[in-house]
Number of protein chains: 2
Amino acid sequence: MTSHHYEKDPAAIYASSFSIIRQEAGDALATLPPSLEPVAVRLMHSVGMTDLVADLRFSPNAADTGLAALTRGTTILVDTQMVAGGISPRFFAQGAALSKNRVLVTLNDPQVSDIANEMKTTRTAAAMELWRPHLEGSIVAIGNAPTALFRLLEMVRQGAGKPALVLGFPVGFVGAAESKQALVGEAAELELDYIAMLGRRGGTPMASAAVNALAIAALGQSDKPM
Amino acid sequence: MTSHHYEKDPAAIYASSFSIIRQEAGDALATLPPSLEPVAVRLMHSVGMTDLVADLRFSPNAADTGLAALTRGTTILVDTQMVAGGISPRFFAQGAALSKNRVLVTLNDPQVSDIANEMKTTRTAAAMELWRPHLEGSIVAIGNAPTALFRLLEMVRQGAGKPALVLGFPVGFVGAAESKQALVGEAAELELDYIAMLGRRGGTPMASAAVNALAIAALGQSDKPM
């Protein structure tokens, strides 16, 4: 009878994962500002790939700004339910240390279909109209739709509230690379702090992982199980 | 003033994405059984990577079995809320064509912590004890935890109900590759149909994408926006 011997202790699994990541990507990780390193490690952990630093872009104060926003308490605006589902409730649930923050997904709001038809855009971009009252000082985490990131840049340029931090992780073949390049190219002019993954790679696990990494930093923990 | 010209029509974005995927991966996709091809395309679409066929493993009837289960109506057992969040409600919501199916996540059930402590395993694996009444004929989609896939193989071997199809997409550095290798190695003996991605890669977007691809096939659609 086949029986499997596998690690079942969550703390040991995390420790072993981070050890493998630091072993494989240590040289690249050492080139990052210290506050970005744990974010990069969590990104790698979320997708099982250690070659991400070459495509990682960020503003100098990105991690510190995100950490400060979470400590103060803000709205975390996310483009899909999947990103919200990946943000650890241990940090943000009622009664938890960071419970002054809240995660907001507007994609399934009943108004969204009508807005999308009227604006002739995707539901994801349309859903962002409902972000307007919450944008100023927020953390925006985009893990799926390039149109959402493009639209965010337009909205900020047109005077909508300015997020404290933009986590740019759209994924895929049409517009993903371009939208993240636009974020990196325009961030200085728009005075936006950001963390983003260039190219086609990205996705909801990366967007959630970035939020979780900042939450752990805000709690003064590091590399603990979530 | 910078203005972005980007594709905003969801149908055009999908069409263009699938065209790029088939252009880059066409030769590899042509080696797959016809029923698996749309699943592979959706997997690539979910992560922005076209080099997945080399690591894709499946039993010969996997896609057809999954399609039949969805058509009949079954329980889709998933290991995390993120996988559930990525399964398109358009197919499964009340009143939708496949509404006889339901997606079940047991991870946040209040009993899970106690079961995990008692069994000395991860919360994910512990949550699967609550799958037992639903396993027979189900579709199991694992997008995160290697321990869940290992535990599923143990449960099936010990006589728990047998899923109609196992979608094996644990991701990461500790146990992910090993758990998927175990699935592939034992599936024939356990008489399990499966689709899995070997190696470290995997993740919740792949697990959701596989379910969505089968749903689209069950609806007799192909490559339509979701």
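This report describes a helix pair, one buried glutamate and two loop residues in a predicted model.

Residues are numbered from 1 along each chain as its sequence is written, chains are lettered from A and ligands numbered from 1 in the order in which they are written. In this predicted model, local features need pLDDT of at least 70, side-chain atom pairs count only at pLDDT 80 or more, and totals for chains, interfaces and linings use all residues, while side-chain values use heavy atoms and leave out hydrogens and water.

In chain A, helix α3 (residues 62-72) and helix α10 (residues 204-218) have axes that come within 9 Å and cross at roughly 70°. α3(A) is therefore roughly perpendicular to α10(A) (a term for angles of 65 to 115 degrees). On the α3(A) side, A63(A), G66(A), L67(A), L70(A) and T71(A) meet V211(A), L214(A), A215(A), A217(A) and A218(A) of α10(A), where contact means heavy atoms within 4.5 Å. By class, this contact of α3(A) with α10(A) has 8 nonpolar, 2 polar and no charged residues; Ala, Val, Leu, Ile, Met, Phe, Trp, Tyr, Cys and Pro count as nonpolar, Asp, Glu, Lys and Arg as charged, and the others, Gly among them, as polar.

E154(A) lies in helix α8 (residues 146-157) of chain A. Residues up to four places away in sequence aside, E154(A) touches H4(B) and Y6(B). E154(A) is buried, at a relative accessible area of 14% (buried means under 20%, exposed over 50%, partly exposed in between, with a 1.4 Å probe and protein chains only).

The table lists two exposed residues with positive phi.

| Residue | Phi | Loop | Relative accessible area |
|---|---|---|---|
| E191(A) | near 55° | between α9 (176-190) and β6 (194-197) of chain A | 61%, exposed |
| E191(B) | about 55° | between α9 (176-190) and β6 (194-197) of chain B | 60%, exposed |

How values were computed:
Axes are lines fitted to C-alpha atoms, for helices over the stretch in contact, and angles run from 0 to 180 degrees between N-to-C directions. Helices (H or I, at least four residues) and strands (E, at least two) are DSSP runs, numbered from the N terminus. Angles under 35 degrees count as roughly parallel, over 145 as roughly antiparallel, 65 to 115 as roughly perpendicular and the rest as oblique.
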